[in-house]
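Q: I would like a close look at a single part of this model, namely the places where the protein meets the DNA. Please begin with one residue and then set it in its surroundings.

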Amino acid sequence: MPELPEVETTRLGLIAALEGKRIVSAEVRHPRLLRRQDNPADFAARLEGRTVRSLGRTGKFLMFEVDDDFTWVTHLGMSGRMSIDPIGSAEVPHTHVVVRTGHSEVRMVDPRTFGFTVVFTPEELAASTLGRLGPDAWTDLPRSAELMTRAGRRTIAVKSLLLDQRFLAGLGNIYADEVLFRARVAGTRPASSLTFEEMKAIRAAIRPVLGAGLRHGGTTLGDLAYLLPDGRAGEYVRRLKVYGRQDEPCRRCATLIIRQQIGGRSSFSCPLCQI
DNA sequence: ACCTCCCTGGCC
DNA sequence: GGCCAGGGAGGT
């Protein structure tokens with residue numbers, strides 16, 4: 001599922017196809033993906049004939065700056081991906097968004113339609129949930145002391161806090177588990193119970209875990225839902241230490257990895273290494 | 001700080 | 001045939 005490394009890999013993969021390119025046509029075939037667009041007709045009207053200036057990202061949101069101050073925002077949800085294809089080439093099923101330039105087509109494929117795409121004016125952007133996102137976990141990671149302050153007296157499980165995009169933007173279910181394993185902290189721990197040392201360990205784990213995910217092109221699971229824009233699979237799945245490894249030995253201590261629900265999410269951890 | 005919902009392919 | 005995966009929004 002696309003989390004920060006997958007979204008960032010997608011962004012980097014789209015730069016050559018979109019940056020500085022004029023959009024010839026923009027089409028959304030599945031109305032559900034336009035549910036964040038107040039007037040669905042705005043999507044095409046605001047993109048067609050305009051030039052994409054820069055490709056940005058905050059957390060799991062792709063944010064492309066388009067001429068005349070529009071921002072084209074895309075969230076891949078859990079099953080979405082973007083691809084670059086020759087104009088008019090055969091489409092795979094669930095191709096719901098097609099944005100064409102003079103050179104190629106950028107397509108969004110999303111079987112489960114948890115993703116969305118929308119073109120905002122500056123006012124709409126500021127009023128959207130993006131305005132409430134926490135700092136980006138990769139480019140804007142706060143110091144441990146600030147994380148400690150913001151965790152405060154919250155009794156929420158620390159894993160749930162890491163998944164809260166208002167606290168920190170970018171981590172999802174896979175990387176949150178991997179971060180907590182590296183930090184040797186159990187995800188069930190109330191955030192308020194963390195010592196400063198433990199928060200430092202969590203903070204220190206975030207960059208290496210996300211960086212490794214990025215280096216390997218993100219995590220493509222067995223369902224092949226997530227692929228890079230050029231169609232390759234991400235290889236980070238082979239490096240996962242706990243996610244999806246229930247009943248397999250911990251790579252550090254050989255204790256069997258356990259699976260439990262935290263905040264309604266499947267969570268994997270080593271019961272010996274993580275306390 | 002919780003719960004439910006959305007959606008579909010893959011799996012048992 | 002039914003359950004599960006889960007990001008985020010909305011409700012309680």
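At what distance from an N or O atom in the side chain of Arg-154 is a phosphate oxygen of DNA strand B?

A: The distance is 3.2 Å, from an N or O atom in the side chain of Arg-154 to a phosphate oxygen of DNA strand B. This is a predicted model, in which local features need pLDDT of at least 70 and side-chain atom pairs count only at pLDDT 80 or more, while totals for chains, interfaces and linings use all residues. Residues are numbered from 1 along each chain as its sequence is written, chains are lettered from A and ligands numbered from 1 in the order in which they are written, and side-chain values use heavy atoms, with hydrogens and water left out.

Arg-154 is one of the residues that surround DNA strand B, the others being Arg-32, His-94, Pro-111, Arg-112, Thr-113, Phe-114, Thr-155 and Ile-156 (each has a heavy atom within 4 Å of the strand). His-94 also reaches a phosphate oxygen of DNA strand B, with an N or O atom of its side chain at 2.9 Å, whereas Ile-156 places a polar backbone atom 3.2 Å from a phosphate oxygen of this strand. Of the atoms of DNA strand B that lie within 4 Å of the protein, 62% belong to sugar or phosphate, and the rest belong to bases.

Turning to DNA strand C, there are 15 residues around it, of which His-75, Phe-114, Tyr-243, Arg-259 and Arg-265 come nearest. Sugar and phosphate account for 57% of the atoms of DNA strand C that come within 4 Å of the protein. A polar side-chain atom of His-75 lies 2.5 Å from a phosphate oxygen of DNA strand C, and the side chain of Thr-129 has an N or O atom 2.9 Å from a phosphate oxygen of the strand. Arg-265, by contrast, meets a base: an N or O atom in its side chain is 2.6 Å from a base nitrogen of DNA strand C.

Behind these DNA contacts stands the protein itself, where the domain assignment (automatic or from a database) divides chain A into domain 1 (4-132) and domain 2 (144-269). Their contact (heavy atoms within 4.5 Å) takes 17 residues from domain 1 and 19 residues from domain 2, and the C-alpha centres of the two domains lie 27 Å apart. About 1500 Å² is buried between domain 1 and domain 2, with carbon and sulfur atoms giving 64% of that area (the accessible area, 1.4 Å probe, lost on putting the two parts together, summed over both). On the side of domain 1, Pro-5, Glu-6 and Arg-81 supply 35% of the area buried against domain 2, more than any other three residues.

The count of salt bridges between domain 1 and domain 2 is zero (a side-chain nitrogen of Lys or Arg within 4 Å of a carboxyl oxygen of Asp or Glu). The elements that give two or more residues to the side of domain 1 touching domain 2 are α1 (4-18) and β5 (81-85) (DSSP runs numbered from the N terminus, helices being H or I of at least four residues and strands E of at least two), and α1 gives the most, with eight residues.

A search of the whole structure finds 19 salt bridges, one of which joins the side chains of Arg-29 and Glu-91 at 3.0 Å, N to O. Arg-29 lies in the loop between β1 (23-28) and α2 (41-47), and Glu-91 in the loop between β5 and β6 (95-101), so this pair ties together parts that are 62 residues apart in sequence.

Note on methods. A polar contact is a pair of N or O atoms within 3.5 Å; within protein, one must be able to donate a hydrogen and the other to accept it, and residues adjacent in sequence count only if both atoms are side-chain atoms.
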